[in-house]
Amino acid sequence: MKAVAVYPGTREVKIIETPEPRISKPNEVLVRMLEVGVCGTDKEICHFDYGTPPAGKDHLVLGHESLGEVVETGPAVRDLQKGDLVVTMVRRPCDHPDCFACRAGRQDFCYTGDFKERGIKELDGFMTELVVDEDKYFFRVPAALRDIAVLTEPLTIAEKALAEALQIQKRLPWGEPSDQSDSYTHKAVVLGAGPVGLLGAFALVVAGFKTFVYSRDAKPNASADLVEKIGATYISSTTHSISQLAAEVGNIDLVYEATGASKFAFETLRALGTNGVFIFTGVPGRKGPVELDTDTIMRNLVLKNQVVFGSVNAGRGAYLRAIEDLGKFAQRWPAETRALITGRYAMEDFSKLVLGTAPGIKNVIKISA
Ligand code: BGC
Ligand code: ZN
């Protein structure tokens with residue numbers, strides 16, 4: 001079968017022929033890949049800045065944002081059957097007996113760093129025709145979501161982050177958004193209008209936040225249109241400085257950073273409101289040091305009871321909530337949700353996607369129909 005593989009040693013990315021995987025344990029499931037999304041992480045891997053092939057191999061099969069269809073199940077598999085649509089989890093636990101996180105099935109909080117990630121770190125990914133894994137790593141998706149379900153994995157990033165933020169805000173009696181009109185209005189700012197940012201904005205609106213997306217591109221543009229159509233506000237940094245943004249929003253209760261641009265993110269941290277939470281999700285490349293007004297940042301953190309945290313990857317709960325939220329998005333904004341996927345390409349066209357020459361928001365590789 002075909003697969004898109006990255007060879008860090010020879011700095012090549014190419015389509016290869018590789019043997020079909022087979023079920024070898026009773027709890028395994030064989031899945032035919034339908035669609036695989038491409039993101040910034042894939043691009044970094046294809047620039048050989050990130051990513052590690054499996055032990056003893058010179059190449060890594062790319063792809064971690066997937067949608068597939070169950071072809072065959074092992075005899076011990078109870079909850080999945082042939083024909084089910086499934087999304088596959090990315091991260092696998094480390095082997096250390098004393099890693100509490102991995103032993104608790106929360107490898108997204110792995111202590112040792114020896115976790116593995118399909119398509120990223122030491123395990124082959126999903127940009128291929130067939131995939132085998134244990135049943136517990138698959139999540140069933142309703143057939144009605146087939147045309148958008150490949151967005152599940154990037155949405156899990158927001159779901160995990162949001163769940164953590166809401167736990168933190170439980171410190172405030174009015175900390176959780178509710179739909180009562182007389183309650184406190186929770187205001188969120190999303191930094192960046194790429195797929196992770198836009199999916200975050202969709203999730204924040206559904207969670208009851210008054211949501212703003214702050215991004216570089218001037219209006220009008222396609223992402224700004226989508227933002228406005230879901231009832232959020234798009235603000236461009238070409239027309240609004242960070243202090244003008246804060247003046248427009250009011251007390252910023254939550255910032256969801258989805259750009260990976262550290263200087264821009266830390267500058268925006270200065271605008272975080274009283275009792276606010278700032279969430280980093282981007283993984284910046286290591287560039288040079290930048291100058292920062294640390295006195296203001298530290299004063300604000302203390303005098304305004306602020307919390308700053310980072311969040312990576314996602315656990316089971318976040319996958320389940322992502323699938324549920326995708327259903328809500330599809331109901332409230334069917335056209336806008338579908339519009340997040342701007343292109344479907346053949347595997348042969350992978351280089352347009354991983355080298356970033358294809359325009360649009362989320363582009364996917366269509367593996368099979
Ligand atoms: C993936 C995450 C992963 C992270 C770091 C992201 O693109 O969506 O699942 O943990 O990269 O490797
Ligand atoms: Zn990704």
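How far does a polar side-chain atom of Thr41 lie from an oxygen atom of ligand 1? The distance is 2.5 Å. Welcome to this predicted model, where we will look at ligand 1 and then at the zinc ion, ligand 2. Two residues, Cys39 and His64, turn up in both stories.

**Around ligand 1**

- The shell of ligand 1 is made up of Cys39, Thr41, Tyr50, His64, Arg91, Glu117, Ile120, Glu153, Ile157, Val312 and Asn313.
- Sorted by class, five of these residues are nonpolar, three are polar and three are charged.

**Polar contacts of ligand 1**

- Asn313 has a side-chain N or O atom 2.8 Å from an oxygen atom of ligand 1.
- For His64, a side-chain N or O atom is 3.3 Å from an oxygen atom of the ligand.
- On its own, ligand 1 would expose 310 Å², and the protein buries 90% of that area.

**The zinc ion**

- Three residues of the protein act as donors to the zinc ion: Cys39 through SG, His64 through NE2 and Glu65 through OE.
- These donors lie 2.1 to 2.7 Å from the zinc ion.
- Along the chain, the donors follow the spacing C-x24-H-E.
- The zinc site has four donor atoms, with angles of 86 to 167° among them, and is irregular.

**Buried or exposed?**

- His64 counts as buried because its relative accessible area is 3%, and the cut-off for buried is under 20%.
- Glu65 has a relative accessible area of 2%, so this residue is buried as well.

How values were computed: Residues are numbered from 1 along each chain as its sequence is written. Chains are lettered from A and ligands numbered from 1 in the order in which they are written. This is a predicted model: local features need pLDDT of at least 70, side-chain atom pairs count only at pLDDT 80 or more; totals for chains, interfaces and linings use all residues. Side-chain values use heavy atoms; hydrogens and water are left out. A residue is near a molecule or strand if one of its heavy atoms lies within 4 Å of it. A polar contact is a pair of N or O atoms within 3.5 Å; within protein, one must be able to donate a hydrogen and the other to accept it, and residues adjacent in sequence count only if both atoms are side-chain atoms. Accessible areas come from the Shrake-Rupley method with a 1.4 Å probe; for residues, only the protein chains shown count as cover. Ala, Val, Leu, Ile, Met, Phe, Trp, Tyr, Cys and Pro count as nonpolar, Asp, Glu, Lys and Arg as charged, and the others, Gly among them, as polar. Donors are N, O and S atoms within 2.8 Å of the metal (3.2 Å for Na, K and Ca); water is not among the atoms, so sites may look incomplete. Four donors count as tetrahedral if all angles lie between 85 and 135 degrees; four count as square planar and six as octahedral if opposite donors are over 155 degrees apart and all others between 65 and 115; anything else is irregular. Buried means under 20% relative accessible area, exposed over 50%, partly exposed in between (1.4 Å probe, protein chains only).
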